[in-house]
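Subject: Structure handover

Hello,

Here is the structure I promised you. Please open it and keep it in view while you read my notes below.

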Amino acid sequence: MMHKWTKKKTQFPLLALLFIAFIVLSILHYERSILQIQEDQDHIHHDRHHHQSPFTFVKPNLARLQSRTPEVLDRFSKCNSTREYSRRKIEWAGATKTSRRRKTTESCDVFSGKWVYDNASYPLYQESECPYMSDQLACHKHGRNDLDYQYWRWQPHGCNLKRLNATEIWEKLRGKRLMFVGDSLNRGQWISMVCLLQSVIPVDKKSMSPNAPLTIFRAENYNATIEFLWAPLLAESNSDDPVNHRLDERIIRPDTVLKHSSQWEHADILIFNTYLWWRQGPVKLLWSAEESGICEELDGVGAMELAMEAWADWVATKVDPRKKRLFFVTMSPTHLWNREWSLEGEGNCYNEKTPIDLEGYWGSGSDLPTMRMVDRILDKLSSKVSVLNITQLSEYRKDGHPSIFRKFWEPLKPEQLANPASYSDCIHWCLPGVPDVWNELLFHSL
């Protein structure tokens, strides 16, 4: 009797194990079926996405299209009508190249550091002694009497910048063309460069051409030039007049830089920038292939990406780094809201007299999505373009803007005069000042 019970007892666990195995296999089969359904749905979604062809790609910088040359944009150009963005993208040479972080042989990151007050070594020139100074940037001339903004030196962590020597720099520039290309912030850096270097050139050996899209400072004894080309959007636009460019409608040809590259292509050293003008609202796109004057509208960052890619195509296809040096200056920050660095009410850079001393400070004047977009493009051009990363170091300098101490081209209204912050320029930079340091960093890189 005991033997029979033992036999039945040994059969029960076997049946239980078989039942459990059946349950487990059923669950696994069910989960696999669910996964298969999900995978099939993903493939269907991918195929649909693929067949939709969300973007069409345009080859940039074509001199002629269908036996015609596109009309050059100027300040009188208009859109006949405007439609939604057609999702066209720039098919630029190098776009499919794997991004690689830019490598440097420097043991020290000169763009990481702090501002040190140094009234013994700075400023590097006197505002009143530079005959090429702009009234837009001559802050002391226009009433700014606190001159501490001129006395700050950029001190990298762990190393020193070489003291700027004008004669040594001219020797490097002998027989060469140094050209700045971009907007009014790049023009400020160009004026800074001229003021830094002009004093060692005899009066009868230096000259400045009249203000024009391309303005040239010549040093005859070095057979060298320091030039500025007004091209605020890099791509061809209706804002390419250096004086009359305040227009209600911003129009660009997003697929070509040929209008400007015909003037910059023979320079030996090129310094590019673009940023500020893309932050002024939507941009109208007039593609080169468009014959009916129909524009498309796109937000500033998207339009800037198209223009940057057209510029990148020129760099990738035309630049031999053994013969030509290219630099791209990162965005120059604004200081429009003092609540970002202070608890003292609503204001901006007006009456600011010292730098921000919080290391790593970022304000709204530096648009991070734009910075990431520019970085993606520059990473693919790292063998041909050096980056002057001036954004973070300039973020600290809320004190360096002209504020109210500059020439304004239009008469100020009584209500503006009663509220100085309302018309303060917190975009450009006083000279001598911050752009001089940008040029020190440029020559450190050279």
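Is H428 buried or exposed? H428 is buried, because its relative accessible area is 10% and the cut-off for buried is under 20%. Keep in mind that this is a predicted model.

Now find H428 in the chain. It sits in the loop between α8 (414-417) and α9 (434-445). Its side chain has a polar partner: the side chain of S184, at 2.8 Å. Leaving aside residues up to four places away in sequence, H428 touches Q136, L137, S184, L185, G400, H401, P402 and R406. So S184 appears twice for H428, as a residue it touches and as the partner in that polar contact, because a polar contact needs N or O atoms within 3.5 Å.

Next, S239. Look for S239 in the loop between β9 (224-230) and β10 (251-252). Its relative accessible area is 0%, so S239 counts as buried. Which side chains make polar contacts with the side chain of S239? One is N238, at 3.4 Å. Another is R250, at 2.9 Å. Beyond four places in sequence, S239 touches W230, P232, H245, L247, R250 and W277.

Then there is an open sheet. It has four strands, in the order β2-β13-β12-β10, and the pairing is mixed. Why do β2 (81-84) and β10 stand at the edges? Each has a single partner strand, so one side of each has no neighbour in the sheet. Strands of a sheet pair through backbone hydrogen bonds, in parallel or antiparallel fashion. Inside this sheet, β12 (residues 283-285) and β13 (residues 294-298) run antiparallel and are joined by three bridges. One bridge to look up: V283 is partnered with L298 in β13.

Last, the whole protein chain. It holds nine helices and 15 strands. The protein chain has 446 residues, and 48% of them count as buried. H428 and S239 are both buried. The exposed surface of the protein chain is about 23,900 Å², with carbon and sulfur atoms supplying 53% of it. How much of the contact count comes from residues 24 or more positions apart? Among contacts with a separation of 6 or more in the protein chain, the share is 79%.

Start with H428 and its contact to S184. Then move on to S239 and R250.

Best wishes

Key:
Residues numbered from 1 in each chain as written. Predicted model: local features only at pLDDT ≥ 70, side-chain atom pairs only at ≥ 80, totals over all residues. Heavy atoms only, no water. Helix = DSSP H or I, 4+ residues; strand = E, 2+ residues; numbered from the N terminus. Buried < 20%, exposed > 50% of the residue type's maximum accessible area, 1.4 Å probe, protein only. Contact = heavy atoms within 4.5 Å. Areas by Shrake-Rupley, 256 points an atom, 1.4 Å probe, with all protein chains shown as cover. Polar contact = N/O pair within 3.5 Å; in protein donor to acceptor, adjacent residues only side chain to side chain. Pairing = 2+ DSSP bridges.
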